[in-house]
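Trainee: I would like to go through the labels used for this model and ask what stands behind each of them.

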Amino acid sequence: MAGKEEKEGKLQKGIAEFYDESSGLWENIWGDHMHHGFYDPDSTVSLSDHRLAQIRMIQESLRFASVSEERSKWPKSIVDVGCGIGGSSRYLAKKFGATSVGITLSPVQAQRANALAAAQGLDDKVSFEVADALKQPFPDGKFDLVWSMESGEHMPDKAKLSTWCNRQFVGELARVAAPGATIIIVTWCHRELGPDEQSLHPWEQDLLKKICDAYYLPAWCSASDYVKLLQSLSLQDIKSEDWSRFVAPFWPAVIRSALTWNGLTSLLRSGLKAIKGALAMPLMIKGYKKNLIKFAIITCRKPE
């Protein structure tokens with residue numbers, strides 16, 4: 001157990017330092033949403049369109065999860081698990097007139113997210129703190145909407161549904177959800193295994209390991225692994241969908257932005273972890289093109 005805890009502590013430290021270094025770079029080029037955009041398939045878009053696509057990702061996620069547009073049914077309290085610099089939290093708080101709290105392992109992200117909330121006059125609605133998604137500092141049943149936008153990738157041992165860590169992550173999402181609350185998980189996954197497959201091919205495992213090393217990710221899982229885990233927790237209205245075709249322009253655009261003068265100079269100032277992450281971006285494109293990496297949304301509802 002001590003070795004496992006040491007390994008998880010090292011992973012969390014790496015995640016925090018990676019985002020401490022890279023968040024300013026990302027914000028400088030892409031703004032305050034640190035996640036994929038949602039695009040029409042085969043679209044050609046500009047940088048401004050990419051920022052709109054990131055907003056659209058939030059909107060499409062809410063639509064897929066059937067979050068009501070009826071004002072009386074809007075969520076009043078939201079938790080953003082793995083909040084980055086708070087883009088989703090601020091958007092959701094403004095859209096629904098809700099209170100929102102975001103958690104991140106990165107002190108730099110939490111400080112910047114709070115500063116942006118204050119600058120936008122939202123500090124009475126939105127707050128951010130450093131906290132562990134596996135041990136959320138909130139009481140049971142607190143939130144009407146539980147939001148995890150591209151943070152599940154960093155949670156340990158998702159490939160083994162019986163492991164404590166994976167159950168703890170999804171279990172914590174369910175624990176802090178109020179009765180009737182919606183849970184939205186948007187995350188990178190690996191492809192589904194075929195009926196005769198016990199594991200991914202060696203070359204696939206090798207590619208994912210290189211990406212894991214660059215972005216401080218533990219083992220990957222499939223969308224169906226998430227669904228099975230949510231089913232084991234007796235959550236309702238569980239559904240998932242592969243959105244890979246809707247995010248296809250994203251990583252090529254990130255690479256193009258990194259190769260601009262602003263991108264290159266910002267990257268060189270950011271630190272070695274950010275540079276290592278930038279060098280791994282072509283691996284993400286390869287994973288998508290080889291149908292190994294999937295971009296998935298999984299949503300459910302906590303029973304009343």
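Mentor: We take a few residues, strands and cores in turn; bear in mind that the model is predicted.

Trainee: Why is Thr-182 called buried?

Mentor: Its relative accessible area is 15%. Buried means under 20%, so Thr-182 meets the term with its 15%. The residue sits in strand 5, residues 177-190.

Trainee: Which residues does Thr-182 touch, leaving out those up to four places away in sequence?

Mentor: Ala-65, Val-67, Asp-144, Leu-145, Val-146 and Cys-300. Each counts as a contact because heavy atoms lie within 4.5 Å.

Trainee: How do you know that strand 5 and strand 7 pair?

Mentor: Pairing needs at least two bridges between the strands. Strands 5 and 7 are joined by 9, so they qualify, and they run antiparallel. Within this pairing, Ile-184 stands opposite Thr-299 of strand 7.

Trainee: What makes strand 6 a partner of strand 7?

Mentor: The criterion is again at least two bridges. Strand 6, residues 236-242, has 5 with strand 7, in the antiparallel sense, and therefore counts as paired. Here the bridge partner of Lys-239 is Thr-299.

Trainee: Why is strand 7 described as largely enclosed by the rest of the structure?

Mentor: Strand 7 covers residues 293-301, and 7 of its 9 residues are buried, so the description follows from that count.

Trainee: What about Leu-208: buried or exposed?

Mentor: Buried, because its relative accessible area of 5% is under 20%. Leu-208 belongs to helix 6.

Trainee: How far apart are Leu-208 and Ile-293, in sequence and in space?

Mentor: They are 85 residues apart in sequence and 8.6 Å apart in space, C-alpha to C-alpha. Leu-208 does touch Ile-293, and its other contacts beyond four places in sequence are His-190, Leu-200, Trp-220 and Leu-292.

Trainee: What makes a set of residues a nonpolar core?

Mentor: The members are buried residues of the nonpolar kinds, joined through side-chain atoms within 4.5 Å. The largest such core has 53 residues, and Leu-62, Leu-92, Ile-184, Tyr-215 and Trp-251 have the most contacts inside it. Helix 6, residues 202-215, supplies the largest share, 6 residues. Apart from this core lies another, of 32 residues, including Met-155, Ala-177, Leu-235 and Cys-300.

Trainee: Which residues does Tyr-215 touch beyond four places in sequence?

Mentor: Phe-18, His-154, Trp-188, Trp-251, Gly-277, Ala-280, Met-281 and Met-284. Trp-251, like Tyr-215, is listed among the residues with the most contacts inside the largest core.

Note on methods: Residues are numbered from 1 along each chain as its sequence is written. This is a predicted model: local features need pLDDT of at least 70, side-chain atom pairs count only at pLDDT 80 or more; totals for chains, interfaces and linings use all residues. Side-chain values use heavy atoms; hydrogens and water are left out. Buried means under 20% relative accessible area, exposed over 50%, partly exposed in between (1.4 Å probe, protein chains only). Helices (H or I, at least four residues) and strands (E, at least two) are DSSP runs, numbered from the N terminus.
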